[in-house]
Amino acid sequence: MVENLIPCYRFNLIILSYCVFLSCFFVRSYSLGEVDAYGTFSISSFRYPETRLRPFDSRYFRVDLPPWFSSLSIVLESDVDLDARSIAKVPESALPLICLRDGSLPLPQVTNAFVKGLVLGSFSNGSSNEFEDIQNEEQCYPMQKNISVKLTNEQISPGAWYLGFFNGVGAIRTQSKMIIRGPSYSFTANISVEGCTTSTMWGQYCNQNSFDSPCHGNGEIKVFFLDVLGIAEQLIIMAMNVTFSMTQSNNTLNAGGANIMCFARHGAMPSEILHDYSGDISNGPLIVDSPKVCYSLEWQVLECPMGKAGLNCKWERYILQTVIRKETLFESYYIPVSEKVPSDSADFPLEPLLSNSSYDEGQDNTWTYFLLDIPRGAAGGSIHIQLTSDTKIKHEIYAKSGGLPSLQSWDYFYANRTNNSIGSMFFKLYNSSEEKVDFYILYVREGTWGFGIRHVNTSKSETVMSVSLERCPKRCSSHGQCRNAFDASGLTLYSFCACDRDHGGFDCSVELVSHRGHVQQSVALIASNAAALLPAYQALRQKAFAEWVLFTASGISSGLYHACDVGTWCALSFNVLQFMDFWLSFMAVVSTFIYLTTIDEALKRTIHTVVAILTAMMAITKATRSSNIILVISIGAAGLLIGLLVELSTKFRSFSLRFGFCMNMVDRQQTIMEWLRNFMKTILRRFRWGFVLVGFAALAMAAISWKLETSQSYWIWHSIWHVSIYTSSFFFLCSKVSSLNSENQRPLDGTYELTRQDSMPRGDSEGRERPEVLTI
């Protein structure tokens, strides 16, 4: 006889007798889709359209598996190009991952070793140990170009499963960044769930029989399904009336010593390797050649009355009632449903609720249980447990999803600061001491949770306990904002922290930049905008007042924007300051090119208006993309080219008329060469080429610094960008010659003639008057 202690709320137990398990989970018989050759039908099928993940982005998908499912199929296609060699070279912050977790959302940044392998398909072809890992903990794998995997009910249990897609992980994933650059990737997903059409058939292909036959032979299996409702204290499984049937005439042999192995597993099919409980449910071995064992199976479920728990039903059990918090969305706290404690506060005294330790032989084995419910769709929250006392706390806390915990069965526990579940990826301990216990269970599973308080405190004390469901742990440690989002199915609300520039991690508790480093970065980003004084001074010196206003405003707006971005001071809203910074910077770069032309002011105003509209559209839509710098320089170069063409077309208009009537080939070539020589002379005399070369060198340095900017080195390279881009504008402004004398312009010699001609028509040429010439 095997006694299995099964303290749970709802327990689906499957029992396999004798040898190795080959069949799959029980399925119900109804059809929702087209039946295939194996007798399976599609329970659900989803296709997620193409989704693009930018650096540090993430997506979650929820898949619900009913108790009668047979397999889960996942087919992914992406543009990720990774192999075994390249994966080792990719940093965590740029590594695309796919993660899988049972019951709640995966959270890879709290996992120490999250990369388990390269091929996700190993789920289907791997060992039973790999299957057990999938069932019991989060698994993460590098994304592939093509992934196809089929998970059966031998590998995973029914319930809610979550797929997480991440483009980079680590503490910096949640850090606030001015720029987000790096590789992005897109993917599509097809997810389908299948079940069997007949309730008596099992397995991945629904080809295993599970008829309730009273006998089975050597190597045969028998599957039983038991659904336990309520809080069961004990489940006893035993084999009764064991006999051997030797012939078809039902001649029997006493088989009191038959060896019948029983394997039991919660939520999924057991096997000889993968099971929760196992034991020999017969008296002993008996060697018989090819016998058939006949027996009847009996089980007993022991359940305590309401409010009691334990093997002898002597411990107290309380239901925690949910109270919605008005001041915070999607959060709640729990209070016991009992007259022993007040119900008007989230903190309740613990001592009046504790079980009487006099019932036990030793005071170290007294338990008090609390049950609470996490509603459907709330798996993206965290359970927060706090205990405070006026003396040293000696209570131990055990937590379990789906039932009541014990010393042998628990998910998380806290005994003291050195003995707890701190190694678990979803257990986070905060500021605990001898008089205080404070921990979170992150991204908690849906359903019923049981908490057990083990009494080891013999002294009288006053202990206050609080249990709450919060969206973000520790309110993002006061270094970020808690934000909410839904998974792709829209069934689960999850929360995450958006940290400030100096912190990261899932709770913003990781300091990425020290206070001294923050001051240095702030001074560099703000003070480097003082370089705008150089082009502003040169523009004012040349009486180019429009350019002077533009460069001055650009430097001021950039300084205010970065002061707000680093958290120093925000004169206006962040979005307004960001728009002003980028827009005026774009305008300053383009205006530098237009300033180098000598076209009339009316045409300059026209070009400035067009440029203002284009750059404003660029600044309001994806201002931080790298391609903007190329577009801005291209627009400025186009403005300079248009100005030169307009100037040349006006200056050499007479040349074009003479060229049109020139019929001699030699004269035409000479005229063209003369035009080219004049054009080159004009260009060479228009600019101071030493300043032009230095300006291009500064512009190249600005482009290099823009390219080298990353989330970690942004402050230094962007400061260099400020100095370089403003310095290049200063040298370009200095390169323009103020006045240019034409070759055909005659020097003034103090004497000139005025010619006056009668404009009245004459009848003939002989009657025309000669023009009067006045000489001064």
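Leaving aside its neighbours within four places in sequence, with which residues is Leu540 in contact? In the predicted model examined here, Leu540 is in contact with Phe545 and Trp548 once those neighbours within four places in sequence are set aside. Leu540 is found in helix α5, and its relative accessible area is 38%. Residues between 20% and 50% are classed as partly exposed, and Leu540 is therefore partly exposed. The surroundings of helix α5 are described below, after an account of the whole protein.

The protein has 13 helices and 37 strands. Of its 776 residues, 49% are buried. Contacts between residues at least 6 apart in sequence were also examined, and 74% of these join residues at least 24 apart.

In soluble globular proteins, nonpolar side chains tend to be buried together. In the present model, the largest nonpolar core has 83 residues. Phe165, Phe370, Ile383 and Trp449 are the residues with the most contacts inside this core. Strand β9, which spans residues 159-167, gives the most to the core, with 6 residues. The contacts of Phe165 were listed without counting residues up to four places away in sequence. On that basis, Phe165 touches Leu53, Asp57, Ser58, Arg59, Phe61, Leu76, Leu97, Ile98, Met143, Tyr185 and Phe187. Another core, of 42 residues, lies apart from the largest one. Among the residues of this other core are Ala544, Ala612, Ile629 and Leu733.

Attention then turned to the packing of the helices. Two packed helices are described by the angle between their axes and the distance between the axes. Helix α5 (residues 533-541) packs with helix α6 (residues 545-565) at an angle of about 165°, and their axes are 8 Å apart. An angle over 145 degrees counts as roughly antiparallel, and α5 and α6 are therefore roughly antiparallel to each other. The crossing in which α5 passes α6 is left-handed. On the α5 side, the contact is made by Pro535, Ala536, Ala539 and Leu540. On the α6 side, Phe545, Glu547, Trp548, Phe551 and Thr552 take part. By class, the contact of α5 with α6 has 7 nonpolar residues, 1 polar and 1 charged. The contacts of Leu540 with Phe545 and Trp548 thus join residues that belong to the two sides of this helix pair.

Helix α5 also packs with helix α13 (residues 714-735). In this pair the angle is about 20° and the axes are 7 Å apart. Because angles under 35 degrees count as roughly parallel, α5 is described as roughly parallel to α13. The crossing of α5 and α13 is left-handed. Leu534, Pro535, Gln538 and Ala539 in α5 meet a set of residues in α13, namely Tyr726, Thr727, Ser729, Phe730, Leu733 and Cys734. The contact of α5 with α13 consists of 7 nonpolar and 3 polar residues, with no charged residues. Leu733 of α13, which takes part in this contact, is also among the residues of the core of 42 residues.

A further residue of helix α13 is Ile716. Ile716 counts as partly exposed, at 35% relative accessibility. The C-alpha atoms of Ile716 and Ser705 are separated by 8.8 Å, and the two residues are 11 residues apart along the chain.

Helix α6 has a contact with helix α7 (residues 574-595) as well, in which the axes come within 8 Å and cross at roughly 150°. This angle makes α6 roughly antiparallel to α7. The crossing of α6 and α7 is left-handed. The contact of α6 with α7 comprises 14 nonpolar, 8 polar and 3 charged residues.

Finally, two residues were examined in the loop between β31 (463-470) and β32 (480-486). Cys476 has its place in this loop, and Ser478 is found there too. Phi of Cys476 is near 60°, a positive value in a residue other than glycine. Phi of Ser478 is likewise positive and near 60°, again in a residue other than glycine. In accessibility, Cys476 counts as buried, at 0% relative accessibility, whereas Ser478 is exposed, with a relative accessible area of 67%.

Conventions: Residues numbered from 1 in each chain as written. Predicted model: local features only at pLDDT ≥ 70, side-chain atom pairs only at ≥ 80, totals over all residues. Heavy atoms only, no water. Axes fitted to C-alpha atoms, helices over the stretch in contact; angles between N-to-C directions. Helix = DSSP H or I, 4+ residues; strand = E, 2+ residues; numbered from the N terminus. Parallel < 35°, antiparallel > 145°, perpendicular 65-115°, else oblique. Left-handed = near helix turned anticlockwise from the far one by under 90°. Contact = heavy atoms within 4.5 Å. Nonpolar A, V, L, I, M, F, W, Y, C, P; charged D, E, K, R; others polar. Core = buried A, V, L, I, M, F, W, Y, C linked by side-chain atoms within 4.5 Å. Buried < 20%, exposed > 50% of the residue type's maximum accessible area, 1.4 Å probe, protein only.
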